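Okay, thanks for coming, everyone. I'll put the structure up and then talk through cysteines, rings, one loop and the ligand site.

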Amino acid sequence: MRVLIVGAGGREHALAWKIGQSPKVEQIYCAPGNAGTAEIAENVDIPADRVDRLLEFALENKIDLTVVGPEQALVLGIVDQFKEKGLRVFGPSALAAQLEGSKVFCKDLMKKYGVPTGDYRVFESPEAAHDYVLTREEKLVVKADGLAAGKGVLLCDNGQEAALAIQTIMQDKAFGEAGDRIVVEEFLEGQEVSLLAFTDGKTVLPLDSAQDHKAALDGDKGPNTGGMGAYSPAPIFTEALKQEVMKTVMQPTVDAMKNEGRLFQGILYAGLMLTQDGPKVLEFNARFGDPETQPLLMRLENDIVPLFEACIDGTLDQQEVKWNPKPAVCVVLAAKGYPGSYDKGKVIHGLEKAGKISQVFHAGTKSCDGNVVTNGGRVLGVTALGTDTAEAIASAYRAVEEISWDGGMHFRKDIGKRAG
Ligand code: AMP
């Protein structure tokens, strides 16, 4: 089987690593990939959002299965275009990916079908939005409707701050057209967890629990990032809680999408807040999360390819997922300055030594004159299994100690501590 993975992050390296273990797979391509995927797959120099060129490549190279990492390609309709040409591809259609691509669509769907989420209002004009928030004293969340690379959500302490957020999104157009409409949402308090599930549009097969660390600094301080680390399982996510989320969130959402004529096949990722009134949805993603995928795939015992195929074929009811009981922890090494501005092109040292201790997934890296150099904000995801969380943490940080690059790296020192 010839597999194409679309994307260039740590998630895609982890997918390539896992797919490469399948006896069904003889060749993997990754577009555009990174220096890590290049060790397992053949990197193809096509950006993840160039659906036309990806389609041409897949047809020419007789790709049997395409797995899509990032959301842009899904929202642009990569799945529809590949399927039209008879290609097999894992992920939701453009219509289904709107669950992530439009916060307004997502909130309206949840309201219509009674999926628990925070109260909200939608605004298409900045004036109306200002009038509304300036009467409010409480904390609010202002969200750009469209995709904004994870940056379109602004947490506000009061109405005044919300008014500034509206200015940033709707008038200054900080996220371009994504900010033509906004959602102003109730601020939810509690612990944040995520649940990912495979779905073929009918059956929902949850993955084991995982939790990520979004804040840049230790103790969950500092600005939000794409994710500074993750661990699996998340002890706070008990079996009872998982059953509740399956019953109140996951299955109703998949059923609702089917009912709306937007059959959702692929990974459904629910970002949840565990509030005093029970779990409520913060957002849905239409794909694997990064970095949660790294520890999750370290623990998945199945061959992942039949799971992808079952989602495409509508036979997920015949599948089961098996997990290594050992916990896994992923520590993200970022470039100094991230999530603000940072340098690229620094030679990374110690990868071989670190790789003997833990699994080092590459994110923003590329090969250059025989070296691996930094090529993004999040550079590596050092991921380790342990007999318990403490051992997994120790082993990941032992590997981290081996790694360095000029200009300095930034990483959190408390990844996994919450899991205790
Ligand atoms: P989202 O992309 O919608 O998940 O938002 C990004 C982050 O903002 C989430 O992971 C939460 O930490 C936070 N967030 C989003 N919505 C809310 C909300 N209604 N209340 C509190 N925090 C939120």
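**Cysteines, rings and a ligand**

So, disulfides: the count comes to zero, where a disulfide is a pair of cysteine sulfur atoms within 2.5 Å. Before I go on, this is a predicted model, so local features need pLDDT of at least 70 and side-chain atom pairs count only at pLDDT 80 or more, while totals for chains, interfaces and linings use all residues. Residues are numbered from 1 along each chain as its sequence is written, and side-chain values use heavy atoms, with hydrogens and water left out.

Why does Cys 106 have no bond to Cys 156? The closest cysteine sulfur to that of Cys 106 is the one in Cys 156, and at 19 Å it's too far for a bond. Cys 106 is also buried, at a relative accessible area of 5%; buried here means under 20% relative accessible area, exposed is over 50%, and partly exposed is in between, with a 1.4 Å probe and protein chains only. Cys 330 tells a similar story: the closest cysteine sulfur is in Cys 30, 17 Å away, again too far for a bond. Cys 330 is buried too, at 0% relative accessibility.

On to the rings. There are 11 aromatic pairs in the structure. For the cut-offs, rings of Phe, Tyr and Trp (its six-membered ring) pair if their centres lie within 6.5 Å; planes under 30 degrees apart are stacked, over 60 edge-to-face, and the rest tilted. Phe 198 and Phe 288 make an edge-to-face pair, because their centres are 6.3 Å apart and their planes sit at 85°. That pair links distant parts of the chain, 90 residues apart: Phe 198 is in strand β10 (residues 191–199), and Phe 288 is in the loop between β17 and α10 (293–299). By the way, the elements are DSSP runs numbered from the N terminus: helices are H or I with at least four residues, strands are E with at least two. Both Phe 198 and Phe 288 are buried.

Then there's Tyr 397 with Phe 411, a tilted pair at 6.2 Å centre to centre and 45° between the planes. Tyr 397 sits in helix α13 (residues 389–402) and Phe 411 in the segment after β25 (409–410), so this pair ties together parts that are 14 residues apart in sequence. Tyr 397 and Phe 411 are both buried. One aromatic cluster is formed by Phe 90, Phe 198, Phe 288 and Phe 308.

A quick stop at the loop between β2 (27–32) and β3 (42–43), where Thr 37 sits. Thr 37 is buried, with a relative accessible area of 0%. A polar atom of its side chain lies 2.9 Å from the backbone nitrogen of Asn 34. Gly 33 is in the loop between β2 and β3 as well, and its C-alpha is 5.5 Å from that of Asn 43, 10 residues apart along the chain.

Last, the ligand. Which residues come nearest? Of the 14 around the ligand, they are Glu 185, Glu 186, Leu 188, Glu 192 and Glu 283, with "around" meaning a heavy atom within 4 Å. By class, that shell has seven nonpolar, no polar and seven charged residues. The classes: Ala, Val, Leu, Ile, Met, Phe, Trp, Tyr, Cys and Pro are nonpolar, Asp, Glu, Lys and Arg charged, and the others, Gly among them, polar. An N or O atom in the side chain of Glu 185 is 2.7 Å from a ligand nitrogen, and a backbone N or O atom of Leu 188 lies 2.8 Å from a nitrogen atom of the ligand.

Note on methods
A polar contact is a pair of N or O atoms within 3.5 Å; within protein, one must be able to donate a hydrogen and the other to accept it, and residues adjacent in sequence count only if both atoms are side-chain atoms.
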